[in-house]
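I am opening my notebook on a new structure. I want to look up a few helices, strands and side chains, one entry at a time.

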Amino acid sequence: MRLSTDKEFASSNAIVDALRWQIASGALPPNTKLPIRQDMCREYNAALATMQRAIDMLVTEGFICCTPGKGTFVHPHPPSKADVALVFGSAISARSLFCEAIRGVAGAISQDHSYRLRTFDLHGDQRERHVEMLVTLASAHRLAGIIVISPSSDILDALPRPTAASVPLVLVGREGRNYPEYPRVEVDQPGFAAAAIDVLHRRGRRRIAHILADGIYGYLDDTTEKLRELGCENTPYLVQFVGEGRRWRGAEHIAHLLMRLPANDRPNGLIIHDDNLVQWASMGLRASGMAIPGDVEVVVHANHPYAAP
């Protein structure tokens with residue numbers, strides 16, 4: 001690939017861009033041996049010093065590696081094949097147990113040199129800098145993919161739009177429903193609710209309470225219908241919502257109050273629909289003095305193994 005005419009020399013940045021693209025597109029697969037410097041200078045119409053600067057930049061970025069006595073090779077795991085951006089779209093999402101678990105997995109995966117996960121928190125003072133960094137990395141073919149947790153329109157508008165040649169982008173969370181052009185991963189909340197009700201029904205529980213995070217309403221009609229089909233009580237006060245973030249602690253008071261109801265009204269089954277509420281709801285259950293599972297059987301949603309206090 002010639003980047004200039006015979007009367008002008010290619011810049012090191014232009015050579016870097018060209019080689020990055022060849023590596024990212026697969027034209028130069030991992031472990032491919034590159035020609036010797038003099039041949040590359042002729043191919044790109046570049047001075048030797050310019051070519052060496054380009055090689056040094058690509059080594060620093062992790063696209064190629066040099067082995068003394070053997071030559072220069074495409075890196076076995078270049079950024080375009082191995083570096084994945086893990087983007088947290090909000091302060092609340094970044095504090096959630098789900099994201100805490102993802103951070104742990106990201107750290108474990110990063111120890112395997114075949115994949116490297118880089119985390120970006122797009123909230124607070126570092127937001128603009130991190131968005132700019134993401135765009136720069138994606139434009140330079142230095143990312144294999146982007147995973148956005150709790151996406152918002154302003155974040156997605158700042159990132160490159162999906163095309164056949166762009167960096168793959170996947171959305172995680174119910175917020176991604178508004179962006180059908182992207183692949184999306186979401187917790188099957190209706191499936192969880194149905195399975196939890198089945199478990200409690202099989203264990204003889206007919207008065208089932210629900211503690212949910214605020215904003216999750218879409219599957220409640222199906223849940224209500226299932227309770228009715230199974231002959232379970234469907235009293236409105238048995239469904240309680242808790243705000244997000246610092247308000248998660250409200251689950252402690254709600255659980256305590258539910259257990260303080262008269263015996264004929266008190267739930268004997270409880271479904272906690274969000275793992276961020278489990279810690280607090282468990283504290284409320286403990287404070288109420290109710291025995292688990294004797295007095296009340298509890299089923300919780302958890303994105304990862306979690307030992308309730």
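These entries record what I looked up, in the order I took the topics.

**Entry: status of the model**

I note at the start that this is a predicted model.

**Entry: helix H1**

I began with helix H1, which covers residues 12-25 and so counts 14 residues. From the first C-alpha to the last, H1 reaches 20 Å. That is close to the 20 Å expected at 1.5 Å a residue.

Which residues of H1 are buried? I listed Ser12, Ile15, Val16, Ala18, Leu19, Arg20, Gln22 and Ile23. Next I looked for what covers them. The cover includes three helices, H2 (37-44), H3 (48-61) and H4 (79-82). It also includes strand E1 (64-67) and strand E2 (71-74).

I then stepped just past the end of H1. Gly26 sits there with a positive phi of about 95°.

Arg20 came up again when I looked at charges. It is linked with Asp17, Glu61 and Arg142 in a network of salt bridges.

**Entry: the five-stranded sheet**

I traced an open sheet of five strands next. Its order is E4-E3-E5-E6-E7, and the pairing is parallel. Which strands lie at the edges? They are strand E4 (116-121) and strand E7 (184-185), and each pairs on one side only.

I picked one pair inside this sheet. Strand E3 (residues 83-88) runs parallel to strand E5 (residues 145-149), with five bridges between them. I followed one of the bridges: Leu86 has Ile147 in E5 as its partner.

Helix H7 (residues 127-139) packs on the sheet and touches E3 and E4. The direction of H7 makes about 145° with that of E4.

**Entry: His130 in H7**

I stayed with helix H7, where His130 is found. Is His130 buried or exposed? It counts as buried because its relative accessibility is 13%, and the cut-off for buried is under 20%. Leaving out residues up to four places away in sequence, His130 touches Phe120, Asp121 and Leu122. Its side chain also makes a polar contact with the side chain of Arg129, at 3.4 Å.

**Entry: unusual backbone spots**

I searched for positive phi in residues that are not glycine. Asn31 has a phi near 75°, and its place is the loop between H1 and H2. His141 has a positive phi of about 60°. I found His141 in the loop between H7 and E5. Its relative accessible area is 22%, so His141 is partly exposed.

I also looked at a cis peptide bond. It joins Ile292 and Pro293, with omega about 5°. Pro293 lies in the loop between helix H12 (278-288) and strand E11 (297-300).

**Entry: salt bridges**

How many salt bridges are there? The count comes to twelve. Why look for them? Side chains of opposite charge can pair when their charged atoms come close. I checked three pairs.

- Glu186 and Arg184 meet at 2.3 Å, N to O. Glu186 is partly exposed, with a relative accessible area of 28%. Arg184 is partly exposed too, at 40%.
- Glu297 and Arg205 meet at 3.4 Å, N to O. This pair links distant parts of the chain, 92 residues apart. Glu297 is in strand E11, and Arg205 is in the loop between helix H9 (189-202) and strand E8 (208-213). Both are buried.
- Glu252 and Arg249 meet at 3.3 Å, N to O. Glu252 is buried, with a relative accessible area of 15%. Arg249 is partly exposed at 42%.

**Entry: strand E8**

I finished with strand E8. How many of its six residues are buried? Six of the six are buried. In a regular strand the side chains alternate between the two faces of the sheet. I therefore checked each face of E8, and both are covered. Ile208, His210 and Leu212 are on one side, with Ala209, Ile211 and Ala213 on the other.

Then I looked at its partners. E8 pairs with strand E10 (residues 269-272) in the parallel sense over four bridges. Ala209 has Leu270 in E10 as its bridge partner. E8 also runs parallel to strand E9 (residues 239-242), and four bridges join the two. There, Leu212 is matched with Phe241.

Note on methods
Residues numbered from 1 in each chain as written. Predicted model: local features only at pLDDT ≥ 70, side-chain atom pairs only at ≥ 80, totals over all residues. Heavy atoms only, no water. Expected span 1.5 Å × (residues − 1). Buried < 20%, exposed > 50% of the residue type's maximum accessible area, 1.4 Å probe, protein only. Contact = heavy atoms within 4.5 Å. Pairing = 2+ DSSP bridges. Axes fitted to C-alpha atoms, helices over the stretch in contact; angles between N-to-C directions. Salt bridge = Lys/Arg side-chain N within 4 Å of Asp/Glu carboxyl O. Polar contact = N/O pair within 3.5 Å; in protein donor to acceptor, adjacent residues only side chain to side chain.
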